[in-house]
Amino acid sequence: MTIDVKDLGRSPGTMRTLEEHVPAPSELGVALIGVREGSPVDLDLRLESVHEGILVSGTAHVDVSGECGRCLDAIEYSLEVDVQELFSYEGAEPSEGEDEEEQRRVEHDSIDLEPVLRDAVVTMLPFQPVCREDCPGLCPECGIRLADEPGHHHEVVDPRWSALAELIRPDRHQED
């Protein structure tokens with residue numbers, strides 16, 4: 001997702017807006033939830049030339065889909081994320097506390113928005129998504145959805161007590 005910024009040059013104060021619909025890149029998500037590859041990403045950005053480089057700020061709108069981490073039901077919703085990143089000109093010194101590898105760069109009069117978009121979207125996704133906060137999930141014994149059968153349970157006898165259970169069985173005949 002490369003954007004040409006040649007028109008902004010190295011003239012601080014020069015600015016333009018970018019309203020564009022682009023396809024989502026691959027792997028824009030986490031294990032259970034994310035943005036489908038190729039689905040629309042609506043960008044509403046402001047590109048501004050500053051002394052250090054190009055400042056990109058604005059929002060991105062995406063459609064998120066996945067599954068509940070408890071009951072495996074489908075989850076779908078729209079997400080708006082804030083985007084703000086400084087793309088430094090080649091040769092610019094890293095900011096204080098910033099590593100050389102962490103710094104985004106203007107390369108060949110263009111910027112790559114994909115890593116910025118990935119960082120913005122993935123950090124806003126839940127690590128353990130749920131369809132609703134009180135989702136009871138699945139029965140660990142048989143896998144039935146507990147929301148469909150709220151009173152569902154299994155009689156689980158601790159195997160250490162099985163010898164005692166034999167003593168109270170009704171079909172057991174007492175020997176004299």
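W161 turns up in the loop that links α1 (114-122) to α2 (162-167). Helices here are DSSP runs of H or I with at least four residues, strands are runs of E with at least two, and both are numbered from the N terminus. The model is a predicted one, so local features need pLDDT of at least 70 and side-chain atom pairs count only at pLDDT 80 or more, while totals for chains, interfaces and linings use all residues. Residues are numbered from 1 along each chain as its sequence is written, and side-chain values use heavy atoms, with hydrogens and water left out.

Is W161 buried or exposed? It counts as exposed, because its relative accessibility is 52%. The cut-offs are under 20% relative accessible area for buried, over 50% for exposed, and partly exposed in between, using a 1.4 Å probe and protein chains only. W161 also belongs to a nonpolar surface patch with V157, L164, L167 and I168, and together these residues have about 570 Å² of accessible area. Areas like this come from the Shrake-Rupley method with a 1.4 Å probe, and for residues only the protein chains shown count as cover. To join a patch, a residue needs over 30% relative accessible area and no salt bridge; like charges are linked within 9 Å, and nonpolar side chains (Val, Leu, Ile, Met, Phe, Trp, Tyr) within 5 Å. A salt bridge, in turn, is a side-chain nitrogen of Lys or Arg within 4 Å of a carboxyl oxygen of Asp or Glu.

Zooming out, the protein has nine strands and two helices, laid out along the sequence as β-β-β-β-β-β-β-β-β-α-α. Of its 176 residues, 29% are buried. About 11,700 Å² is exposed, with carbon and sulfur atoms supplying 48% of that area. Among contacts (heavy atoms within 4.5 Å) with a separation of 6 or more, 56% are between residues 24 or more positions apart.

S88 sits in strand β7 (residues 74-88). It counts as buried because its relative accessibility is just 4%. Apart from neighbours within four places in sequence, S88 is in contact with E52, G53, Q103, R104, R105 and V106.

Then there are the cysteines. The structure has zero disulfides, a disulfide being a pair of cysteine sulfur atoms within 2.5 Å. Why is C68 not bonded to C71? C71 holds the closest cysteine sulfur to that of C68, but the 3.7 Å between them is too far for a bond. For C135 the closest cysteine sulfur is in C71 as well, and it also lies 3.7 Å away, too far for a bond. C68 is buried because its relative accessibility is 0%, and C135 counts as buried at 5%.
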